[in-house]
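Colleague: I am new to this structure, and I would like a close look at one part of it. Could you take me through the salt-bridge network and then the side-chain contacts that go with it?

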Amino acid sequence: MNVPRLVIAAPSSGSGKTTVATGLMAAFAERGLAVSPHKAGPDYIDPGYHALATGRPGRNLDAFMCGPELVAPLFAHGAAGCDLAVVEGVMGLYDGAAGRGELASTAQVAKLLRAPVVLVVDASSQSRSVAALVHGFASFDPQVRLGGVILNKVGSDRHEAMLREALEEAGMPVLGVMRRAPQVATPSRHLGLVPVAERRADAVAAVAALAEQVRSGCDLDALMALARTAPALECEPWSPEGAVTPVGGPRPVVAVAGGPAFTFSYAEHAELLTAAGAEVVTFDPLHDEALPEGTSGLVIGGGFPEVYAPELSANEPLRKAVADFAAAGGPVAAECAGLLYLARSLDGKPMCGVLDADARMSERLTLGYREAVAVSDSSLAAAGTRLRGHEFHRTVVEPGAGAAPAWGFTHPERRVEGFVRQGVHASYLHTHWAAQPSVARRFAEAAAAHR
């Protein structure tokens, strides 16, 4: 496979990676190119903006959750038939899973993809020192090919001249210069940017503004030429059809929660369920008063139910429908936001009451990769199934685990978490099913049996 590609990285978070990556995707898409968007790490929100910029699903490349061996095949699956792929990095270029060396870092992803790296540098408080900074990043790992820099937050023509002179001495191409400008309207809150689904019209305008910033400040032709230097990838694209076999008989309907309150989902999950023989139908718990017709499996992923607790609570018909479905033994897979929705209450507002637990907002951020083993047999995983996942929330569920817990965490701490009850599997842990396609097949089987 030979798709031109770039990895957009930075020395640290807050340097402007998302601005540049999303702007580049949109600017190249405006030229009529088919642009494949990717994000290193577990983040769900940035890929929503990437999808808006390109018209294609934003896809994650996570070497911790999926393993380094799946990074290139998953990339090839997403980028098939495209003219260009742009990968937005995570944190600083060499930052990865805590205590695991380069694992899950942007640098590791770039090496696995044999892709040139463009370093986005916040130049607002430096001049000649930028050359020392860039030199350090370029020489730290000789296997990472730093192809050029984009200077962000440059103050003036004189400031730009000093930066260019320093980088010319260091032999590093400057592929773009972006001036200090008012922040493009991409509002944030307790877990990062506000997702696209919650501000669709404003998000469209924001992406257009990012494209204009990048188009006016970056050398798109030079960036495309750099992308074309990436050599062919020697790997077979990942395929959902190759990962699972379909269940027999009529296709079971698997309802997947969507809309503004439930925006977190990896594209491969729906692809795997479809390949496993399910008919995937999306519904919006904020507005739909019934589950999709014929629902025999229910997936409620991550998102921000805490922001919409009053509206979710007010939709009593759907809450009752979910509770009745679970009471009848219907298979339910709930992650993080789904866990909160299934609880008895969220910040005092009645939820579905499927679980004997209550949820509330917390000051404490729970964040990090986890290694987990399934404690109880469920519609999602057989006891003993091992998965790697990610936690990211500012809420607390009390109690944190039921009589039959969902997961036992083995790293970085030992504890049990989540709930298994009849067909319900509910947990804070976000997982990537491409790493363990058997969970999609098992869930489709449970849905077919319940049908």
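Modeller: Four residues, Asp157, Glu160, Arg164 and Arg179, are joined in a network of salt bridges, a salt bridge being a side-chain nitrogen of Lys or Arg within 4 Å of a carboxyl oxygen of Asp or Glu. This is a predicted model, in which local features need pLDDT of at least 70 and side-chain atom pairs count only at pLDDT 80 or more, while totals for chains, interfaces and linings use all residues. Residues are numbered from 1 along each chain as its sequence is written, and side-chain values use heavy atoms, with hydrogens and water left out.

Within the network, Asp157 and Arg179 form a salt bridge whose closest N and O atoms are 2.6 Å apart. Asp157 belongs to helix H6 (residues 157-169) and Arg179 to strand E7 (residues 174-179), so this pair ties together parts that are 22 residues apart in sequence; helices (H or I, at least four residues) and strands (E, at least two) are DSSP runs, numbered from the N terminus. Asp157 counts as exposed at 57% relative accessibility, whereas Arg179, at 34%, counts as partly exposed; here buried means under 20% relative accessible area, exposed over 50%, and partly exposed in between, with a 1.4 Å probe and protein chains only.

Across the whole structure, a search finds 25 salt bridges, and one of them joins the side chains of Asp122 and Lys153 at 3.7 Å, N to O. That pair links distant parts of the chain, with Asp122 in strand E5 (residues 117-122) and Lys153 in strand E6 (residues 146-154), 31 residues apart. Asp122 is partly exposed, with a relative accessible area of 24%, and Lys153 is partly exposed as well, with 32%.

Aromatic contacts can be followed in a similar way, and a search of the whole structure finds 7 aromatic pairs. Rings of Phe, Tyr and Trp (its six-membered ring) pair if their centres lie within 6.5 Å, and planes under 30 degrees apart count as stacked, over 60 as edge-to-face and the rest as tilted. The rings of Tyr94 and Phe140 have centres 4.7 Å apart and planes at 55°, so this pair is tilted. Tyr94 lies in the loop between strand E4 (84-88) and helix H4 (106-113), and Phe140 in helix H5 (residues 129-140), so the two rings tie together parts that are 46 residues apart in sequence. Phe140 is exposed, with a relative accessible area of 61%.
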